[in-house]
Amino acid sequence: MQEQDNAAPVLRWTENDAPCAARWRSEAGLPPPKRVVIADDRLTADTAYRFACEGTAMLWRGDFQNARQLLQAMMRRIDRKPKKAVKPAGRPQQPMSMTEAFHLHRQAQSQRARTLAMLLLPLDGNYKIPLRRAPDVRQACEEAYGAGGEASVVSLREVLGLIGAHEWRKNGVEIPALGARIHPHYGVFSPVRGEYIDLVAQAPLPSTALAFDIGTGTGVLAAVLAMRGVAHVVATDQDSRALACTRENIERLGLLQKVELQRTDLFPAGRAGLVVCNPPWIPARPSSPIESAIYDPESRMLRGFLGGLAEHLEADGEGWLILSDIAEHLGLRSRDELLAWIEAGGLKVIGKIDTRPTHAKATAGTDLLHAARSAEVTSLWRLARQ
């Protein structure tokens with residue numbers, strides 16, 4: 001059952017006929033499960049999958065590595081392709097639109113995440129997992145959650161995500177445009193799609209005096225601009241994790257004298273000769289905080305950037321909007337809408353540089369969205385005041 005304790009959700013369950021409670025952790029904001037059973041190595045994959053589908057969580061008391069194997073078995077059951085429904089005689093099957101395919105895909109992703117989140121692990125106050133063969137996840141937890149201090153319960157799937165994020169942060173992502181690595185923090189989207197970085201690295205600079213990087217994330221675009229010779233870059237974000245990540249990356253690259261960080265929603269005060277923004281590309285609701293780098297309900301950040309850009313540009317300055325057209329191929333936003341928002345913001349298009357994505361999903365035809373991904377183009381829109 002769910003309970004609030006200083007705004008922190010609490011998970012309650014019964015174990016050995018005694019009531020138990022611990023803080024509930026979920027980066028995706030999932031509520032604590034209402035039903036909890038105690039599980040160990042005797043639990044079969046079929047039973048675990050049935051429990052999860054019914055909304056019953058399993059608090060694991062067995063071997064950690066066995067829990068990982070159980071989660072993988074649950075994944076296989078979820079990912080099995082359903083049998084095709086028999087088409088009624090005399091009723092032609094209507095082709096699915098790309099928009100319908102997108103919403104079906106998102107619905108399946110959400111259901112998959114909720115189901116897999118039903119396998120739970122205990123954490124003690126120092127982020128130790130009190131299970132056999134459990135890895136040391138203390139540093140990964142501290143990077144995501146901050147200092148410990150109280151026992152908690154978290155899904156195994158989230159713990160594996162913490163471990164993966166820690167490895168990304170430790171090893172970094174090679175950025176050819178920088179000749180260096182960027183180290184993403186937990187909850188900050190990793191710059192693995194290099195095509196948008198290359199656009200910023202290659203477009204002609206309208207000014208080298210001052211630039212704004214709106215929604216900086218890992219700070220990769222601010223670093224590219226500084227490396228290209230922009231004397232002063234103001235990088236903004238409203239997320240504290242993103243700003244901490246940017247600061248660490250900028251410091252690693254020796255650019256602290258050139259890059260200033262500000263916590264603000266969109267623009268800092270003043271005007272610049274160059275204002276750069278790579279907003280979320282898809283107008284849909286994110287299902288977790290990290291998805292806010294991809295999904296933007298009703299294109300709020302995109303419209304906010306276009307609506308406020310003119311008043312933050314120097315008279316001869318440029319705004320660079322880095323945007324994929326994937327939303328257009330999905331039927332979620334039209335090109336005419338985008339152009340109307342540009343015009344309504346007192347802006348005009350003075351140029352556009354296009355590139356094709358190079359990530360694996362752009363060429364892999366394994367899901368319903370392949371047609372949209374294979375047609376995707378990422379563009380750097382050069383905008384100026386009217």
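In this short talk I will go through two helix packings and then a handful of individual residues in the structure above. Please keep in mind throughout that this is a predicted model.

Let me begin with the helices. Helix H6, which covers residues 194–202, packs against helix H7, residues 220–227, at an angle of about 25 degrees, and the two axes are 9 Å apart. Since angles under 35 degrees count as roughly parallel, H6 and H7 are therefore roughly parallel to each other, and their crossing is right-handed. If you want to find the contact on the screen, look on the H6 side for Tyr196, Ile197, Val200 and Ala201, which meet Val220, Leu221, Val224 and Leu225 on the H7 side. As for the character of that contact between H6 and H7, its residues divide into eight nonpolar, no polar and no charged.

The second pair is H9, residues 300–308, and helix H11, residues 335–344, which pack at an angle of about 35 degrees with their axes 7 Å apart. Here Leu302, Arg303 and Leu306 in H9 meet Leu338, Trp341 and Ile342 in H11, and the residues of this contact divide into five nonpolar, no polar and one charged.

Staying with the region that follows H6, I would like to point out Ala203, which is placed in the loop between H6 and strand E10, residues 210–214. Is Ala203 buried or exposed? With a relative accessibility of 0%, Ala203 counts as buried. Leaving aside neighbours within four places in sequence, Ala203 is in contact with Arg228, Trp320, Ile353 and Leu380. One of these partners, Trp320, is 117 residues away from Ala203 along the chain, yet the C-alpha atoms of the two are separated by 9.4 Å.

Next comes Thr56, which lies in strand E5, residues 56–60. Thr56 is also a buried residue, its relative accessible area being 7%. Not counting residues up to four places away in sequence, Thr56 touches Arg35, Val37, Phe51 and Met118. With Arg35 there is, in addition, a polar contact from side chain to side chain, at 3.2 Å.

I now turn to backbone geometry, where two residues deserve a careful look. As background, most residues other than glycine have a negative phi. Leu266, however, has a phi near 70 degrees, a positive value in a residue that is not glycine. Leu266 sits in the loop between strand E12, residues 259–263, and strand E13, residues 272–277, and with a relative accessible area of 16% Leu266 is buried. Ser299 likewise is not a glycine and has a positive phi, in this case of about 55 degrees. Where does Ser299 lie? Ser299 is found in the loop between E13 and helix H9, and at 3% relative accessibility Ser299 counts as buried.

Finally, for contrast, consider Asn16, which is in the loop between strand E2, residues 8–15, and strand E3, residues 18–24. Asn16 is exposed, with a relative accessible area of 72%. How far apart in space are Asn16 and Asp239, C-alpha to C-alpha? The separation is 42 Å, and in sequence Asn16 and Asp239 are 223 residues apart.

To close, the two points I would ask you to inspect in the viewer are the H6 and H7 contact, with no polar and no charged residues, and the positive phi values of Leu266 and Ser299.

Notes:
Residues numbered from 1 in each chain as written. Predicted model: local features only at pLDDT ≥ 70, side-chain atom pairs only at ≥ 80, totals over all residues. Heavy atoms only, no water. Axes fitted to C-alpha atoms, helices over the stretch in contact; angles between N-to-C directions. Helix = DSSP H or I, 4+ residues; strand = E, 2+ residues; numbered from the N terminus. Parallel < 35°, antiparallel > 145°, perpendicular 65-115°, else oblique. Left-handed = near helix turned anticlockwise from the far one by under 90°. Contact = heavy atoms within 4.5 Å. Nonpolar A, V, L, I, M, F, W, Y, C, P; charged D, E, K, R; others polar. Buried < 20%, exposed > 50% of the residue type's maximum accessible area, 1.4 Å probe, protein only. Polar contact = N/O pair within 3.5 Å; in protein donor to acceptor, adjacent residues only side chain to side chain.
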